[in-house]
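User: I'd like to learn how to read a protein model feature by feature. Could you walk me through this one?

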Amino acid sequence: MANMAQLTRRQSSRELGRQRSYDRMELRELHSRLLSQESQPGHSLTWSPGNYGSLNPAFKEESSSLLSEEAEGKDLVVGKDGKKDGKAVAITVDKAGGPSDKDGKKQKKEFKAEPPDEAFQDTEGEERESWDSKLTFLLATIGYAVGLGNVWRFPYLAQKNGGGAFLIPYFIMLAIEGMPMFFLELAIGQRLRKGAVGVWSQVSPYLAGVGIASAVVSFNVALYYNTIISWCMLYFVRSFQDPLPWSECPPARGGNGTNQECEISSATQYFWYRETLDISTDINTPRNFNLQIGAALIVAWFLVYLCLAKGLASSPKLVYVTALFPYCVLILFFIRGVTLEGMSDGIIHLFSPKWEKLQDPVVWLEAGTQIFFSLGLGFGGLIAFASYNPVNNNCARDAIIVSLTNCTTSLFAGIVIFAVIGFKAHLTHKECLQHQDNKTLLMLFNTTELEHSPPVGSLITYWINNTKHTMSMPDIRICNLQEELDNTASGPGLAFIIFTEAINQFTFAPFWAILFFSMLFTLGIDSQFGTLEGVVTSITDMKIFPNMRKEVLTGILCSMCAVLSMMFAHGAGNYVFVLFDQFSGNVPLLIIAFCEVFGVAYIYGLSRFAEDIQLMTGKRPHIYWMFCWKYLSPIAMIIILTASFIKIFTEGSSYPKWDSVHGVAVDEEWPNWALILAMFLVLIAVFWIPLIAITRALGIVIMHKEEPAWFPANELRDFHGIVRHEPTAAERVLFGFREDGTEGVFFPTKPGGGRDDDDDDDDEHLR
């Protein structure tokens, strides 16, 4: 009975939709004929309730001559805001100078349309959330895209993979993969006005699994990402101590003697591995539960709940703070960094090009991977954010602004990080020179500065008084500035070890530590908002709990995540964190993004998608965007995915195990049970994609089709003055666009993604 009632309601909605379309056509015709009796020279066009219907002289064909000269060259815009001082005022749009009212004041032409009834609301009886301003959306999207990876991964990858030469593959991947996919997710979310699950089930019922996969990946990533936020909170709290607790080695436990583990490593490494993580010897032998990390995780999840309970769209002040604060801190660190001794060495080391690195395919792989994940593609968060936008928002401009802002932030953060690392390396090198055996070096190499020191024990040849001598390389201290600059790391190693060690050398070190870890906290929690918002929106659109309020659903989700995240709060928790970081996002997100671009370009229809963008922005997307969606982006993702598999199977996978005896982190192979867990993390996300498609093909419906969200296609077409697009010669050749609506170079297909032709009268212009 429930299914029959749902079918009846949907059929009624479709019939009403068609009837509304006919009604709108009649109303537009009437509006074009309605004129006031005062439409004479010297009078403005006004609306008079007394001149309605047959009483209006415009119903006579000859009355069209009543148009005054003053109204020539102007269009009548019918809007609900055409009032002034309580009186009705018709706004006229001057084609040369813009809209003007009765007093001649210029007014901005704005598009406004309201859903006709509840059948076109986002959910039954409720309207979808919306951003309070364009600035809030941009800041929220920038905060989501700009995350910890911009600060602690990009600088490491740049100096490791060729310095300035790395920027070439980096920006090429941005152009062919990053920006096109960012644009696609914003546009499809704004057009279909749902979360990831709702969007891809509407693109095609066979692609409904893509949305579920996005939600699962977002959940897995959010689960371990909040662990980073908890670490930042712990360091932030400890930063109020003077001196900083990681600035010197503590005494041995019991108070007698020196701490051997700290002495053979460093104060910052000891504080990170022992005081903070209390790390175990390997992943198979977890130590006792870490109470401080467990408490920090609970607080972190509670903060996330408070921020997401009412929705980001209704919390603009929070968005302003979390998005802008990291930039303020980066600027302060930049000002401090350029005044430090040795900062130029670090910046030069970062951007010095090593052109031979461009021949290494791994460099291109890591550039594409960094672009992909730094923009937050495939999580569903961008789709959710875009669904809260106005229907006529310029999503193309937003994609370019946010993408370039993200990459510019990475470059700026790299300069700041390596200015400080250059300062640290300069101090270390200066101290080393005081203990270097210059006499032996001059005897063996005739210099005290070696670019590369020979391995200890290797045979070396040197000359004394024209006499050749041979000896084994002695174990002497050799100072090398370049080796100190190369001594960097990515991820937590950069933030909690190397950078904190540099901060120790600052004047007023606690102040800078407070700024740094508060910046990391806001960077992390801003990205966490977008990641978890994708999960919440997807669950809401799936209507698993149709009567549950969003704040209740968010509370249950955060509570469940807080309990599960306790797996990161024991001695081996950091190793489990690395496992999640390596496997829960990388491969699944690449597969999801490939399915997204394939679904839009080959199932939904590239021509149809281009017309949707034209309706929303007033302009068709450039042929470059369409070429990327059709060819370049899918090919780039296939290559990256294939190369990732090859790298895993040829080089294997390992994790950094802390060796407390030698005070270093060494690579250790994953045990079998960890590899099984890694495979589970990948499969639990991506298996939904083939599962939904196969069951749908067999006639088994797991995901019921949703009603389309309201989209005023006809009003937007009238507002922008859009006429039917004739395929250009380039579009015919490259994409196979045809007059009958089919497309495809080799196998012409009718776009539509499996949607019924009578689903939505707003799509009639595409058929």
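Analyst: Let's begin with how the elements are named: helices (H or I, at least four residues) and strands (E, at least two) are DSSP runs, numbered from the N terminus. This is a predicted model, and its chain comes to 27 helices and 9 strands.

User: How much of the chain is buried, and where do the contacts come from?

Analyst: Buried means under 20% relative accessible area. Here 52% of the 767 residues in the chain count as buried. As for contacts, take those with a sequence separation of 6 or more: residues 24 or more positions apart account for 76% of them.

User: Now helix pairs. At what angle do α7 and α19 cross?

Analyst: The general idea is that angles over 145 degrees count as roughly antiparallel. Helix α7 (residues 208–238) and helix α19 (residues 509–542) have axes that come within 8 Å and cross at roughly 160 degrees. That's why α7 is roughly antiparallel to α19. Their crossing is left-handed. Sorted by class, the contact of α7 with α19 holds 17 nonpolar and 9 polar residues, with no charged ones.

User: What about Q528: is it buried or exposed?

Analyst: Q528 sits in helix α19 and counts as buried, because its relative accessibility is 0%. It does have a polar partner: the Q528 side chain reaches the backbone oxygen of A222 at 3.1 Å. Leaving out residues up to four places away in sequence, Q528 touches A222, Y225, N226, I229, W301 and V304.

User: And a second helix pair, α22 with α26: what is the packing angle there?

Analyst: Angles of 65 to 115 degrees count as roughly perpendicular. Helix α22 (residues 586–617) packs against helix α26 (residues 713–720) at about 65 degrees, and their axes are 8 Å apart. This crossing is left-handed too. On the α22 side you'll find Q614, L615, M616 and T617, which meet A713, L716, R717 and H720 of α26. The residues of that contact divide into 4 nonpolar, 3 polar and 1 charged.

User: Which residues does C628 touch?

Analyst: To read a contact list, look for heavy atoms within 4.5 Å. With residues up to four places away in sequence set aside, C628 touches A175, I176, P180, S633 and P634. C628 is in helix α23 (residues 623–651), and at 0% relative accessibility it counts as buried. You can also compare distance along the chain with distance in space: C628 and A601 are 27 residues apart in sequence, yet 9.7 Å apart from C-alpha to C-alpha.

User: Let's do backbone details. Where is the cis peptide bond?

Analyst: For this one, check omega. The bond from D242 to P243 is cis, with omega near 5 degrees. P243 lies in the loop between α7 and α8 (260–264).

User: Which residues other than glycine have a positive phi?

Analyst: R193 and D278 are two to look at. Phi of R193 is near 60 degrees, and R193 is in the loop between α5 (167–192) and α6 (196–203). Phi of D278 is near 45 degrees, and D278 is in the loop between α9 (267–276) and α10 (291–308).

User: Are those two buried or partly exposed?

Analyst: Go back to the 20% cut-off for buried. R193 counts as buried because its relative accessibility is 13%. D278, at 24%, counts as partly exposed.

Definitions and conventions:
Residues are numbered from 1 along each chain as its sequence is written. This is a predicted model: local features need pLDDT of at least 70, side-chain atom pairs count only at pLDDT 80 or more; totals for chains, interfaces and linings use all residues. Side-chain values use heavy atoms; hydrogens and water are left out. Axes are lines fitted to C-alpha atoms, for helices over the stretch in contact, and angles run from 0 to 180 degrees between N-to-C directions. Angles under 35 degrees count as roughly parallel, over 145 as roughly antiparallel, 65 to 115 as roughly perpendicular and the rest as oblique. A crossing is left-handed if the near helix is turned anticlockwise from the far one by less than a right angle, and right-handed if clockwise. Ala, Val, Leu, Ile, Met, Phe, Trp, Tyr, Cys and Pro count as nonpolar, Asp, Glu, Lys and Arg as charged, and the others, Gly among them, as polar. Buried means under 20% relative accessible area, exposed over 50%, partly exposed in between (1.4 Å probe, protein chains only). A polar contact is a pair of N or O atoms within 3.5 Å; within protein, one must be able to donate a hydrogen and the other to accept it, and residues adjacent in sequence count only if both atoms are side-chain atoms.
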